[in-house]
Amino acid sequence: MKTHTRDVVNFTTIDIAKRFVVEEMTSLFGGQGETLIISYEGEPYVENVVKMLAENEWATTVTVVTFDSLASLQANLAKREYQQRYQAIFIFNSLHRLTDLQPLDECFKQVLQEKGKLHVSWPASGVVPNTKRLSEKEIAEELTGSALQAFDDLRKDDHCYVQALPSFQCQRMVKFDFGLAFQDIEGLKSWHKGGADILFGADLTEDVQALKERYYLQLYRLYLRGQYQARMATTVADFILN
């Protein structure tokens with residue numbers, strides 16, 4: 001297994017950053033056979049994976065499965081166990097939403113062909129130095145006066161994912177450290193939408209939306225003052241079924 005860390009220059013938009021990670025995820029993809037994309041429900045990154053596979057005109061048929069809990073993931077994959085076996089599975093920044101990773105090994109085995117491949121990315125932990133004078137969580141808690149769960153709270157150590165997949169051999173693991181140089185507040189909003197949904201909830205009520213707007217504005221003010229720096233650590237890994 002090859003493991004290394006790469007520093008990446010700041011990106012100007014979230015879309016460029018997402019494309020960069022998706023390109024890394026597809027670098028060991030052979031482009032043949034049936035492909036399954038698994039994504040947390042409402043996760044916008046899945047669109048980038050689908051688009052990338054289509055742009056390369058690989059000889060693959062793509063199916064998308066979404067989940068909002070471990071139970072729903074197990075149920076959705078069980079439906080396909082006797083319908084289809086896939087040559088490859090892509091999972092972009094979704095598995096960190098699960099508290100228990102141990103059942104994943106059986107979930108993926110049941111839908112993959114022999115020597116099938118698993119291409120995964122997840123938010124890495126312990127890679128990026130603490131360059132923020134204030135964190136997103138601290139800023140949000142100042143606005144609400146309440147203790148909140150933040151995106152960073154969901155990060156897990158890389159070994160947690162490897163240990164949860166004993167039926168698979170890890171062929172490659174790469175960690176990327178990069179950030180965004182925001183050009184305007186809209187760029188900041190695009191970067192922090194997922195994190196804001198975790199902090200404040202995904203409700204579309206006026207109160208929640210107004211709170212998010214205050215949060216974005218405060219982040220941007222602090223960013224312009226140099227008191228807040230957004231950075232992202234992502235791990236990309238490729239596994240093969242033993």
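## Briefing: a predicted fold and a few residues to look at

Lys-115 sits in strand E5, which runs over residues 112-123. Bear in mind that this is a predicted model. In that model, phi of Lys-115 is near 65°, a positive value in a residue other than glycine. Lys-115 counts as partly exposed, with a relative accessibility of 46%.

**Overall build**

- The protein's secondary structure adds up to 8 helices and 7 strands.
- Its radius of gyration is 18 Å, close to the 18 Å that the globule rule gives for 242 residues, so the protein is as compact as a globular protein of that length.
- If you're setting up a box, the C-alpha trace spans about 55 × 35 × 35 Å along the principal axes.
- Take the contacts with a separation of 6 or more: 86% of them are between residues 24 or more positions apart.

**Surface and charge**

- Buried residues make up 49% of the 242 in the protein.
- About 11800 Å² of the protein is exposed, and carbon and sulfur atoms supply 47% of that area.
- On the charge side, there are 26 positive and 33 negative side chains.
- The centres of those two charge sets lie 3 Å apart.

**Helix H3, side by side**

- Helix H3 covers residues 70-80, and its buried residues are Leu-70, Ser-72, Leu-73 and Leu-77.
- These four take up an arc of only 165° around the axis, which puts them on the same side of H3.
- Ala-71 and Lys-79 are exposed, and they're on the other side of H3.
- As background, an α-helix has 3.6 residues a turn, so residues three or four places apart point the same way.

**Asn-93, another positive phi**

- Asn-93 isn't a glycine, yet it has a positive phi of about 40°.
- You'll find Asn-93 in the loop between strand E4 (86-92) and helix H4 (104-109).
- Asn-93 is buried, because its relative accessible area is 4% and the cut-off for buried is under 20%.

**Phe-20 in helix H1**

- Phe-20 is part of helix H1, residues 14-25.
- With 16% relative accessibility, Phe-20 counts as buried.
- Phe-20 and Glu-213 are separated by 193 residues in sequence, and their C-alpha atoms are 28 Å apart in space.

Technical notes. Residues numbered from 1 in each chain as written. Predicted model: local features only at pLDDT ≥ 70, side-chain atom pairs only at ≥ 80, totals over all residues. Heavy atoms only, no water. Helix = DSSP H or I, 4+ residues; strand = E, 2+ residues; numbered from the N terminus. Rg over C-alpha atoms; globule rule 2.2 N^0.38 Å. Buried < 20%, exposed > 50% of the residue type's maximum accessible area, 1.4 Å probe, protein only. Contact = heavy atoms within 4.5 Å. Areas by Shrake-Rupley, 256 points an atom, 1.4 Å probe, with all protein chains shown as cover. Lys, Arg positive; Asp, Glu negative; His and termini not counted. Charge placed at Lys NZ, Arg CZ, Asp CG, Glu CD. Arc of directions from axis to C-beta.
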